[in-house]
Amino acid sequence: MVIGMRIIDYLLRLRTGLGYPGKGFIIAGLGILIPLLLMTLLAPLISPYDPTKGSRDILQPPSPAHFFGTNNLGQDLFSRILWGGRVVLTVVLVSTILSAAIGVPLGLLSGYLGGKIDRALAMIMDSIYAFPGLILAIALASVLGPSIINAAAAIAVVYIPTYFRMTRGPTLQLKASQYVEAAIATGAPTKRIIFRHILPNLAPTLTVVFTLNTADSILTEAGLSFLGFVVTPPTPDWGFDLKAGQPFLPAGYWWLITFPGIFIILLSLGFGLLGEGLNELLSPKEKTI
Amino acid sequence: MGLGRFIAVRALLMIPTVLILLTFVFFVMRIIPGDPILAMVGMKAPPQRIEELRHMAGLDKPPYIQYIEYLWNVLHGDLGRSMIWGRRPVINEIMDRFPATLELTISAFTVSVLIGLLTGSMAALRKGSKTDTAMRLYGLIAWTLFIPWFGMMLQIVFGVWLHWLPIAGRIDPDLAPPRITGLYVLDSILTGRWDSLVSAIRYLILPSITLGVVLSGAYTRLVRNNLVEVFGQDYMTTYRAMGLPPKSLLRKALRNAFIPLITMMGLQFAILLAGAVLTETTFSWPGMGTFLLERIIYVDYTTVQGTIVFFALFVALINFIVDIIYAIIDPRVRY
């Protein structure tokens, strides 16, 4: 609710021409993300070639016929990038939703109920949080086998502690606030306190965490894919295509690696800029000095 | 609390952390996958071979016995034996590869801190200016530069087109110095082999810049924010009123802005290790990352598990050391 009202408020200001905090970042982020998302959504309509079908035109440099050139199998790289975006977004979306769906409720309950279980959970989450994310994802993906679903699960495990920590901390603070104490004093049921008094106040923080986390998990997905844990040929995926282009690098076929990488970076940067802007917009108190 | 007592307490606190990590790794590697060997081999291998591998990895015993054996062995420094070739102890194999990763991470870490200090100071000195915004954008973009892509771009420009630097490996094969520490740069200096030193440094440049630049983004922001805060303190106003030149002001401010940076270093180190895996793969750097991936392909399950355990223990140790350094520099932490 709070978020909705704030966003409406800012949209009104946008119409009246007044600025709002983080405007530049939000516009830049959306400016990158909207075209990228449209491209991947419309891939079946705008993709000029079948991304998995080879041809005789192998290792062609970028040209009007093949915007981003072709690879060693004669596949059109532009089409592969359009379709590959769908794999990246699927893995990232599924994993982010999974980790939020586990991390947020755990953090809420742990922070609100407190006690020994809370301390134990916090310690476990902190230990996992300190573990290098990509290495943990590699370990999981290696014993699960390469597939889109397994990769999403592996990435989800990596980010559960982030959501847990970002929910538990503020929950602890809110629990000590006067209005929650007042609600407890009037005998409001725990469920109501958590859902009506605590969760809505976490929404701004969680929106920012969700966006920035997506930016990070795009890079983790690309890393896993680059190492061969997400898709198997001929499925297109940006990280995997980058890896497939590596053997041709010493011979100077620059387009095989340049384009997939640029798209990974753009997608991640888009979410990063948006998260940065949302952070300024939704938590005005924590403005960067 | 004295420093000695602080270290002792902090060391005791490491026990539950290490136990949690070990249990977590066991859970991830053995319980979640159901049958890790089958997943790693893929469906291709004959059932006999899978059975054999399962036996070698000790996966045919009941899980709780596996767990107890595993904890017992790890606590004795035994990470098991490799399942391929000479069945060497995993810890020996890791020690062969570890110095390469250490050399890369130390060098990349230095690059990232230097860039972070430079860009962060530039932004803080011109707070609110275009330089400040540019540095903030640099911080964001550097962090999203996908390591393999950035590394390959450097390889194409400086290796393939300009022929300035080598793009794969750690040193010219016939120039490897005799092993003392395993760090080629250090070993070359210790044995006085200058041609080895030059070769080792030439091979180290591109991987270090790749990893260093990507990690510098976080430092840019931290250094900037810390410096801006320190510049606003009363004692800095006093220094300014005393007429200290900008250079000495910056030096004084940096010293104070550095303390919060140290707390971040434990976490940064974990990110550094994860980044090292991708950097090593990109540059065929013979460290822990390439080692781990190689053994995953060979379905050397015990080695894979041992390497993950090693990473976990290493990170716990680094966090312990960072805490102690912090307590030495800032005595308030001890209370």
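# A tour through chains A and B

Begin with chain B of this predicted model, where the centres of domain 1 and domain 2, taken over C-alpha atoms, are separated by 34 Å. To colour the two parts, select residues 3-75 for domain 1 and residues 106-297 for domain 2, as the domain assignment of chain B gives them. With the whole of chain B in view, the C-alpha trace spans about 80 × 55 × 40 Å along its principal axes, and a cartoon display shows 13 helices and zero strands. Of the 335 residues of chain B, 39% count as buried, and among contacts between residues at least 6 apart in sequence, 71% join residues at least 24 apart.

Next, show both chains and select the residues that meet across them: 42 residues of chain B are in contact with 40 residues of chain A. On the chain B side, the elements that give two or more residues include helix 1 (3-31), helix 9 (194-231), helix 11 (246-282) and helix 13 (301-329). Coloured by residue class, this side of chain B divides into 34 nonpolar residues, seven polar and one charged.

Move to chain A and select helix 10, residues 238-245, where eight of the eight residues are buried. The buried residues run from A:Trp238 and A:Gly239 through A:Phe240, A:Asp241, A:Leu242, A:Lys243 and A:Ala244 to A:Gly245. Around them, the packing partners to display are helix 4 (77-113), helix 9 (190-226) and helix 11 (255-282) of chain A, together with helix 7 of chain B. In the loop between helix 9 and helix 10 of chain A, pick out A:Pro234; the peptide bond that leads to A:Pro234 from A:Pro233 is cis, with omega near 10 degrees.

The nonpolar interior comes next. Select A:Ile135, A:Ala137, A:Leu140 and A:Ala154, which touch the most other members of the largest nonpolar core, a set of 139 residues. Helix 11 of chain A gives the most to this core, with 15 residues. Domain 1 (3-75) and domain 2 (106-297) of chain B both give residues to this core as well, so the core lies between those two domains. A second, separate core has 11 residues, among them B:Tyr219, B:Leu222, B:Val223 and B:Ala253. Returning to A:Ala154 and leaving aside its neighbours within four places in sequence, display its contacts with A:Ala137, A:Leu140, A:Ala141, A:Leu144 and A:Leu224.

For a contrasting site in chain A, centre on A:Leu73, in the loop between helix 3 (43-46) and helix 4. A:Leu73 is partly exposed, because 14 other C-beta atoms lie within 10 Å. Not counting residues up to four places away in sequence, A:Leu73 touches A:Gly54 and A:Ile58. A distance drawn from A:Leu73 to A:Glu280, C-alpha to C-alpha, should read 47 Å, for a pair 207 residues apart in sequence.

Finish in the loops of chain B with two residues that have a positive phi although neither is a glycine. B:His163, with a phi of about 55 degrees, is found in the loop between helix 7 and helix 8 (184-191), and B:His163 counts as exposed because it has 8 C-beta neighbours inside 10 Å. B:Ser284, with a phi of about 45 degrees, is found in the loop between helix 11 and helix 12; with 13 other C-beta atoms within 10 Å, B:Ser284 is partly exposed.

Technical notes: Residues are numbered from 1 along each chain as its sequence is written. Chains are lettered from A and ligands numbered from 1 in the order in which they are written. This is a predicted model: local features need pLDDT of at least 70, side-chain atom pairs count only at pLDDT 80 or more; totals for chains, interfaces and linings use all residues. Two residues are in contact if their C-beta atoms, placed from the backbone, lie within 7 Å. Helices (H or I, at least four residues) and strands (E, at least two) are DSSP runs, numbered from the N terminus. Ala, Val, Leu, Ile, Met, Phe, Trp, Tyr, Cys and Pro count as nonpolar, Asp, Glu, Lys and Arg as charged, and the others, Gly among them, as polar. A residue is buried if 20 or more other C-beta atoms lie within 10 Å of its own, exposed if 12 or fewer, and partly exposed in between; C-beta atoms are placed from the backbone. Domain bounds come from an automatic or database domain assignment. A nonpolar core is a set of buried Ala, Val, Leu, Ile, Met, Phe, Trp, Tyr and Cys residues joined through C-beta atoms within 7 Å.
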